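Here are a few exercises to work through with the model open beside you. Try each task before reading its solution.

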Protein chains: 2
Amino acid sequence: MNEQHSVDGQRRQAVDGPVLIVGTGLIGTSVALSLRRAGVEVVLDDTNVSALQEAVYRGAGSALADQQPALVVVAVPPDAAAQILAETSQRFTDATITDTTSVKGHILDQAIVLGADPHRLVGGHPMAGREVSGPAAARADLLDDRLWIITPSGHEGEDHVARVRRLVDTCGATVTEMDAAEHDAAVALVSHAPQMLASTLASVLVDEPAERLAIAGQGMADTTRIAASNADLWVQILRANAGPVSGVLQQVIGRLQVAADTLAAGTSAAGTELDLAPVAAILEQGREGQSRLPGKHGTIGMRYAVVPVMVEDKPGELARLFVAAGDLDINLEDVRIEHVLGRPSGLVDLFVRADSQAALIEGLEQAGFDVRA
Amino acid sequence: MNEQHSVDGQRRQAVDGPVLIVGTGLIGTSVALSLRRAGVEVVLDDTNVSALQEAVYRGAGSALADQQPALVVVAVPPDAAAQILAETSQRFTDATITDTTSVKGHILDQAIVLGADPHRLVGGHPMAGREVSGPAAARADLLDDRLWIITPSGHEGEDHVARVRRLVDTCGATVTEMDAAEHDAAVALVSHAPQMLASTLASVLVDEPAERLAIAGQGMADTTRIAASNADLWVQILRANAGPVSGVLQQVIGRLQVAADTLAAGTSAAGTELDLAPVAAILEQGREGQSRLPGKHGTIGMRYAVVPVMVEDKPGELARLFVAAGDLDINLEDVRIEHVLGRPSGLVDLFVRADSQAALIEGLEQAGFDVRA
């Protein structure tokens, strides 16, 4: 058995192998790479032979032969997940079985109906992803410090839950337990319904004249960014979580209808006399709701401090700024450059931990930078 | 009269002053600063004395006394715009009158009803803004290379339209003519309805348990980012453009209802057999619609090339990368750092003009960087 040095400095036991990864896409291959990083034996399987070969070539493990895995991680699309969970449970009768599917209740229930052993089945959902897919986009550090939700139902053996927890640990992620139904309600709210909303808004653009789209700015771009996601995969996710997603959409539709009706009523009346209190209430609640989201950089409960700096828009200027920040031994957590149509403006926002903000401002000012804090 | 060196290298005549800016908020003060940059005489007025003083202090011009402006730019909130346009038109009987309000038809009509002279009134809308407001956030280069829409109705004198065009030129922006109603339909589609949608989605979060919000990622953050906007200002914008916004919202609601009904029907039937063709169609159209938007950095018709580079997450590493890019004499148009929960990952996306991409990749690789292109 292998040991690894964990984030908090404690040595923890790596999960015991061999671990079988079924599905060598982005997530499956990334899990495999992070297990290999910790020295765990990994075997791989995928019906897509070229994806399997790519994962093997990238060092994610060897192709499944007659190994007997201690743990199976099913990382296949939602439509296939229940069937594969049942099949692997029946084929490897001692193994712990888990998955990485982004919907839990319906898929785990189906897996058991199809013959998966409830005693060895522990649902999982690593909260990681990239805008690119496939094994070529996989990274050994994709799961590092990510949230990885597991949804034990109470029917599992303790040793199986413990093994899945060690899997998460070994991949460098942080485990959180949730009830499967609660998990599905949560992802419907913060992921699946927003996807449907962004796609629906973007779908309206299809038949609009190009002149109208040409004046779209950053707000429209941000609001519809995820509409570029893979439609096939999303149909599968929405199918598996249809009830909770439909519920959130109905809430949104109800409020949008209030807004649309209020605005429509105003177009016949005298414009400036129009009582838009219901619209104002939604806008105010929107501000409040938005402020309740985790830190703008995906950090739970933490927002970085911002230090805006004006730089000239020419080669080398950003380098000069970053060198100055580096000289101060302050880690930049993020960088944003404000954009205008056609060119970046000179305003650069540097994001740092709050306790570094004052030192960064002082240091950059001493180095002659135009800090706009 | 002053001359300025324009972006395309031609010398053009700056607009003739004095120019009166009414409303010294972000946009008004930025217009004033860019006019001052070109040597144009600017006078300022605002009912908010401290905003006026801040703008004067920042060098945006002098407070209005008895000057007779050749041009008046009304840069006040939508609710006040029609009234101020009418008042300034009646006070300065020879001046060209324009505005910067983000809604045109209703406000210009109202201004004329209230007594503005149609012969001298030319509606305008500079497509610029920041997430911060007020004169302290104003910048002389805020309008540089921005689209600035003007909406002549045909009733204006040619000299007045020409003067507003010179104003736009002098501020470094690019003028586009649109019909006022078409302008309002376009901003309803790409700005006002998306605002209402983002706010409505975010408003649903208000009453949700914190545990659900804690797992929200970048998709939710992007989709609701503009929900943080100023609610009072947005009520005014939506009021002034109520009809077109309501129309777009009805389209979105109609499609969302199809999606919600399709998903709800599936929850009673066998999940995996569910026919989600209507949902799939919206997702596919969403992808197509999203791809029709201007370049992801707000550039009309241009998308930058991306060069992903893996760097270690420690002080000085970004500096080393930027110095290397600077040494290649390649201008970085944007930088994005991929984030995971709790920390930035090591993947940095550098955005450059497409014709610089190959040179950047080669140069960075020669400098020993882990380029993931």
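**Exercise 1. Describe the contact of chain B with chain A: how many residues does each chain give, and which element gives the most on the side of chain B?**

Solution. Start with the totals for this predicted model: chain B puts 117 residues into the contact and chain A puts in 118. Next, look at the elements on the side of chain B that touches chain A: α10(B) gives the most, with 19 residues. Finally, sort that side of chain B by class, which yields 63 nonpolar, 33 polar and 21 charged residues.

**Exercise 2. Find the turn and the shift that lay chain B on chain A, and name the relation.**

Solution. Superposing chain B on chain A takes a turn of 179 degrees and a shift of 0.0 Å along the axis, and leaves an RMSD of 0.2 Å. That is the relation of a two-fold axis. The same surface serves both copies, as 100% of the contact residues of chain B recur in chain A. To find the axis on screen, go to B:Thr223: of the residues of chain B, its C-alpha comes closest to the rotation axis, at 2.0 Å.

**Exercise 3. Is B:Leu249 buried or exposed, and which residues does it touch?**

Solution. First place the residue: B:Leu249 lies in helix α10 of chain B, which covers residues 242–268. Then count neighbours: B:Leu249 has 24 C-beta neighbours inside 10 Å, and the cut-off for buried is 20 or more, so B:Leu249 counts as buried. Now list its contacts, leaving out residues up to four places away in sequence: B:Leu249 touches B:Ala193 and B:Met196 in chain B, and A:Leu256, A:Ala259 and A:Ala260 in chain A. One of these partners, B:Ala193, is 56 residues away along the chain, yet its C-alpha atom is 6.2 Å from that of B:Leu249.

**Exercise 4. Describe how helix α9 of chain A and helix α11 of chain B cross.**

Solution. Two packed helices are described by the angle between their axes and the distance between the axes. For α9(A) (residues 231–240) and α11(B) (residues 277–291), the axes come within 9 Å and cross at roughly 145 degrees. The crossing is right-handed. On the α9(A) side, the contact is made by A:Ala231, A:Trp234, A:Val235 and A:Leu238; on the α11(B) side, by B:Val279, B:Ala280, B:Leu283, B:Glu284 and B:Arg287. By class, this contact has seven nonpolar, no polar and two charged residues.

Methods. Residues numbered from 1 in each chain as written. Chains lettered and ligands numbered in written order. Predicted model: local features only at pLDDT ≥ 70, side-chain atom pairs only at ≥ 80, totals over all residues. Helix = DSSP H or I, 4+ residues; strand = E, 2+ residues; numbered from the N terminus. Buried ≥ 20, exposed ≤ 12 C-beta atoms within 10 Å, placed from the backbone. Contact = placed C-beta atoms within 7 Å. Least-squares fit on C-alpha atoms with pLDDT ≥ 70 in both. Nonpolar A, V, L, I, M, F, W, Y, C, P; charged D, E, K, R; others polar. Axes fitted to C-alpha atoms, helices over the stretch in contact; angles between N-to-C directions. Left-handed = near helix turned anticlockwise from the far one by under 90°.
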